[in-house]
Amino acid sequence: MTHAMLKGSNVPLEAATVRAVLRWTPGQGVPDVDVSALLLGSGGRVRSDEDFVFYNQPRHPSGAVWRLGKKRVAEGLADTIQTDLSGVEPGVGRILLVASADGVAFDRVPALCILLYDAAVADGEPLTRFEIKPETGAETALICGELYRRGEGWKFRALGEGYSNGLKGLATDFGISVDESEGAEPESEPTSSQPLPPELPASAEPPTASVPAQPPAYGYPQPMQAPAAASGDAYFRLPPQGPQFVGR
């Protein structure tokens, strides 16, 4: 039986692997929506750039969190993140499930909701369903909910908290430095006082509880992941959001 959730409510999770499905209804003037995940350490911030799983970095190095990609469903469009809770590193206490809309306000995204499934149960009903209602309508990124540790287990909390400055603003709040200067003039040579930060360049049925050897993709091939920065803040160039599946 599906548990219908209200904002701020939480439920315990017994499933070892959960599939978080962000769903909405497409249409005229509706922006493209993407799902992302941020893995947070004990301080409530990412530990490194690798803790940001999004459309240009679709798999966490631990293999515990990966992005399945977009597909059409009977109710509209869906974008999915899957998490092997039993494989999440001990240093991660929370996993934020995030929606972003390419700079367009979420008041133009109808029927937005997030559903959690037990990934080990084929064609099972959702464990939870949260209908997301933006508070102002001007949000261009939303924290839909979070997976978080409680004792030896995990719980899910419905949030629906918004950002008007998009995925960049949200990611920055949790310790990621994002470079969106696409098409900008090349920077001057770095000096000793101002070092130039490193830059990361820019399916099929979902897998079940076992983590695949490589992330599945529903459409266009995912780009190769660049090596992570050795230390310090993460620097990303976020490519434009857009169609990432076949059959539009």
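This section describes the overall make-up, strand pairing, salt bridges and aromatic contacts of a predicted model.

The protein has 248 residues, of which 49% count as buried. Its secondary structure consists of one helix and 14 strands. The accessible surface amounts to about 11900 Å², and carbon and sulfur atoms account for 50% of that area.

Strand β10 is paired with β1 and with β9. The pairing of β1 with β10 is parallel and rests on three bridges, with Ala4 standing opposite Arg129 of β10. Strand β9, which spans residues 113-118, runs antiparallel to β10 and is joined to it by four bridges. In β10, Thr128 has Leu116 opposite it. In a regular strand, side chains alternate between the two faces of the sheet. In β10, Thr128 and Phe130 make up a covered face, whereas Arg129 and Glu131 make up an uncovered one. The two residues of the uncovered face are also joined to each other, since the side chains of Arg129 and Glu131 form a salt bridge with an N to O distance of 2.5 Å. Arg129 has a relative accessibility of 28% and therefore counts as partly exposed. Glu131, at 33% relative accessibility, is likewise classed as partly exposed.

The structure holds 11 salt bridges in total. One of them joins Lys7 and Glu135, whose closest N and O atoms are 2.3 Å apart. This pair links distant parts of the chain: Lys7 belongs to the loop between β1 (3-5) and β2 (10-13), Glu135 belongs to the loop between β10 (128-131) and β11 (141-150), and the two residues are 128 residues apart. Lys7 is partly exposed, its relative accessibility being 42%. Glu135 has a relative accessible area of 63% and is therefore exposed, as this value is over 50%.

A further salt bridge is formed between the side chains of Lys70 and Asp32, at 2.7 Å from N to O. Lys70 is part of strand β6 (residues 65-73), while Asp32 is in the loop between β3 and β4, so the salt bridge ties together parts that are 38 residues apart in sequence. Both partners are buried: Lys70 has a relative accessible area of 1%, and Asp32 has one of 13%. Each value is under the 20% that limits the buried class, so a loop position does not keep Asp32 out of that class. The loop that holds Asp32 lies between β3 (17-24) and β4 (34-40). The side chains of Asp32 and Lys70 are also recorded as a polar contact of 2.7 Å. The salt bridge between them belongs to a network that links Asp32, Asp34, Arg67, Lys70 and Asp79. Asp32 also lies 8.8 Å from Val104, C-alpha to C-alpha, although 72 residues separate the two in sequence.

Aromatic side chains form two ring pairs. In one of them, the ring centres of Phe52 and Phe54 are 4.4 Å apart and the planes are at 5 degrees; the pair is stacked because this angle is under 30 degrees. In the other, Phe54 and Tyr55 are arranged edge-to-face, with 5.2 Å from centre to centre and 65 degrees between the planes. Phe54 takes part in the stacked pair and in the edge-to-face pair, and the ring pairs link Phe52, Phe54 and Tyr55 into a cluster. Phe52 is buried, with a relative accessible area of 0%. Phe54 is buried as well, at 1%, and Tyr55 is also buried.

Two arginine residues are placed over aromatic rings. Arg59 lies over the face of Trp66, at a distance of 5.8 Å from the ring centre. Arg157 lies over the face of Tyr148, and here the distance from the ring centre is 4.1 Å.

Key. Residues are numbered from 1 along each chain as its sequence is written. This is a predicted model: local features need pLDDT of at least 70, side-chain atom pairs count only at pLDDT 80 or more; totals for chains, interfaces and linings use all residues. Side-chain values use heavy atoms; hydrogens and water are left out. Buried means under 20% relative accessible area, exposed over 50%, partly exposed in between (1.4 Å probe, protein chains only). A polar contact is a pair of N or O atoms within 3.5 Å; within protein, one must be able to donate a hydrogen and the other to accept it, and residues adjacent in sequence count only if both atoms are side-chain atoms. Accessible areas come from the Shrake-Rupley method with a 1.4 Å probe; for residues, only the protein chains shown count as cover. Rings of Phe, Tyr and Trp (its six-membered ring) pair if their centres lie within 6.5 Å; planes under 30 degrees apart count as stacked, over 60 as edge-to-face and the rest as tilted. A charge sits over a ring if NZ of Lys or CZ of Arg is within 6 Å of the ring centre and within 35 degrees of the ring normal. A salt bridge is a side-chain nitrogen of Lys or Arg within 4 Å of a carboxyl oxygen of Asp or Glu. Two strands pair if DSSP finds at least two bridges between them.
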